[in-house]
Amino acid sequence: MTDAPARPRADLRRTAERYRSTPAEGVETRHAFSFSGHYDPKNTHFGALLACNEELLAPGAGFDEHKHRDTEILTWVLEGALAHRDSRGHGGVVRPGMIQHLGAGSGVTHTERNIGGADGPVRFVQMWLQPDVLDAPPVYGLRGVERAADGLTLLASGLARDAGTPALRLRRGDAALWLVTAGPWQPLPELPAAAYRYAHLTTGSLGYRTVPGPQGGGRSMVPGDSVRITGDAFAAPTAGETGAELLLWEMHSPVSYG
């Protein structure tokens with residue numbers, strides 16, 4: 001999808017629909033978009049988002065050194081700990097409650113592995129965003145996240161309005177990543193408006209109506225499900241019996257080529 005449709009839409013994608021790959025021993029990836037040997041010309045991106053992968057690395061497993069260029073890479077760990085090291089000398093361990101940003105820029109190689117000595121897997125969500133500044137020096141950021149009392153926590157942003165906040169800075173001037181939380185049976189906080197919004201449920205359950213009003217059908221989400229939102233679709237989202245946590249991309253323009 002490259003352009004916003006004429007009418008609002010909430011396109012629900014189930015976790016079971018993801019393309020599954022096993023690129024290395026002990027590594028399992030579930031892809032939301034076309035990747036490597038799996039190509040669907042109708043599913044290459046949404047807004048400026050190029051990838052949203054659910055990753056599972058067994059003890060001792062990981063991704064050997066590989067290269068990225070001109071991609072903003074955001075990592076959110078759900079369980080365990082992920083060790084990162086790159087060719088620019090950056091290193092860190094990402095744990096639950098931390099957000100990591102690697103701006104690949106002109107090119108960087110890195111490794112990602114389940115932390116040494118772990119007796120359980122590391123589970124994480126990794127998202128790739130197209131930057132609007134190309135061939136820039138690679139950058140790296142890692143920070144702990146203090147969750148906002150209102151349930152809407154800014155994790156990373158390139159928008160001018162968010163300069164000076166603790167959020168990691170993205171090299172795309174019209175996109176932001178949020179952590180959204182709600183308690184049992186509680187409505188989600190008011191979500192930021194944007195031409196493109198992508199919601200990925202990480203914990204709990206969630207119900208919503210496809211569009212506002214009686215025309216909207218009811219839908220439910222479980223962890224790993226995602227919804228691609230345009231316009232005022234995705235109405236009245238409400239957490240289930242154990243609450244809900246989701247990652248939400250706010251994007252004001254789609255990818256641009258050439």
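How many salt bridges does the count come to? I started my notebook with that, and the count comes to 14 salt bridges. I am working from a predicted model, so I treat everything below as computed.

**Entry 1: the whole chain**

I looked up the secondary structure before anything else. The chain has 19 strands and zero helices. Its radius of gyration is 18 Å, close to the 18 Å that the globule rule gives for 258 residues, so I noted the chain as being as compact as a globular protein of that length. Along the principal axes, I read a C-alpha trace spanning about 55 × 45 × 40 Å.

Then I checked burial and surface. Buried residues make up 52% of the 258 in the chain. The accessible surface comes to about 11,400 Å², and carbon and sulfur atoms hold 52% of that surface. I also looked at contacts with a separation of 6 or more: residues 24 or more positions apart account for 75% of them.

**Entry 2: salt bridges, pair by pair**

I began with Arg13, which forms a salt bridge with Asp11, and the closest N and O atoms are 2.9 Å apart. The two partners sit in different burial classes: Arg13 is partly exposed at a relative accessible area of 24%, while Asp11 is buried at 12%.

Next I pulled up Arg171 and Glu72, a salt bridge with its closest N and O atoms 3.7 Å apart. This pair links distant parts of the chain, with Arg171 in the loop between β14 (168-169) and β15 and Glu72 in strand β6 (residues 72-79), 99 residues apart. Both Arg171 and Glu72 are buried.

I then went one residue along to Arg172. Arg172 forms a salt bridge with Asp174, at 3.1 Å between the closest N and O atoms. Arg172 is buried and Asp174 is too.

I also found a network of salt bridges that links Arg20, Glu28 and Arg30.

**Entry 3: Arg228, a buried charge**

Which side chain of opposite charge is nearest to Arg228, and how far away is it? I got Asp11, at 5.0 Å. The cut-off for a salt bridge is 4 Å, so Arg228 is buried with no salt bridge. I had already met Asp11 as the partner of Arg13.

What does the side chain of Arg228 reach, then? I found the backbone oxygen of Ala32 at 3.0 Å. I also found a polar contact between the side chains of Arg228 and Asn43, at 2.7 Å.

Arg228 belongs to strand β18 (residues 226-230). I listed its contacts, leaving aside neighbours within four places in sequence, and among them are Arg9, Asp11, Arg13, Phe33, Phe46, Arg197 and Tyr198. Both members of the Arg13 and Asp11 salt bridge are therefore on the contact list of Arg228, heavy atoms within 4.5 Å being the cut-off.

**Entry 4: two positive phi angles**

I went looking for backbone oddities. Most residues other than glycine have a negative phi. Trp185 is not a glycine, yet I read a positive phi of about 65° for it. Trp185 lies in the loop between β15 (175-182) and β16 (196-209), and I noted it as exposed, with a relative accessible area of 59%.

Ala236 is not a glycine either and has a positive phi of about 50°. I placed Ala236 in strand β19 (residues 235-251). Is Ala236 buried or exposed? I found it exposed, with a relative accessible area of 54%.

**Entry 5: Ile73 and Phe63**

I returned to strand β6 for Ile73. Ile73 is buried, with a relative accessible area of 2%. Its C-alpha is 9.4 Å from that of Leu170, although the two are 97 residues apart in sequence. Beyond neighbours within four places, I have Ile73 in contact with residues including His68, Leu102, Met127 and Trp128.

Last, I looked up Phe63, which is in strand β5 (residues 62-68). Phe63 counts as buried, at 16% relative accessibility. How far apart are the C-alpha atoms of Phe63 and Gly173? I got 30 Å, for two residues 110 apart along the chain. The contacts of Phe63, again without neighbours within four places, include Pro23, Val27, Leu57, Arg113 and Phe124.

Terms used
Residues are numbered from 1 along each chain as its sequence is written. This is a predicted model: local features need pLDDT of at least 70, side-chain atom pairs count only at pLDDT 80 or more; totals for chains, interfaces and linings use all residues. Side-chain values use heavy atoms; hydrogens and water are left out. Helices (H or I, at least four residues) and strands (E, at least two) are DSSP runs, numbered from the N terminus. Buried means under 20% relative accessible area, exposed over 50%, partly exposed in between (1.4 Å probe, protein chains only). Lys and Arg count as positive and Asp and Glu as negative; His and the chain ends are not counted. A polar contact is a pair of N or O atoms within 3.5 Å; within protein, one must be able to donate a hydrogen and the other to accept it, and residues adjacent in sequence count only if both atoms are side-chain atoms. The radius of gyration is taken over C-alpha atoms; the globule rule is 2.2 Å times the number of residues to the power 0.38. Accessible areas come from the Shrake-Rupley method with a 1.4 Å probe; for residues, only the protein chains shown count as cover.
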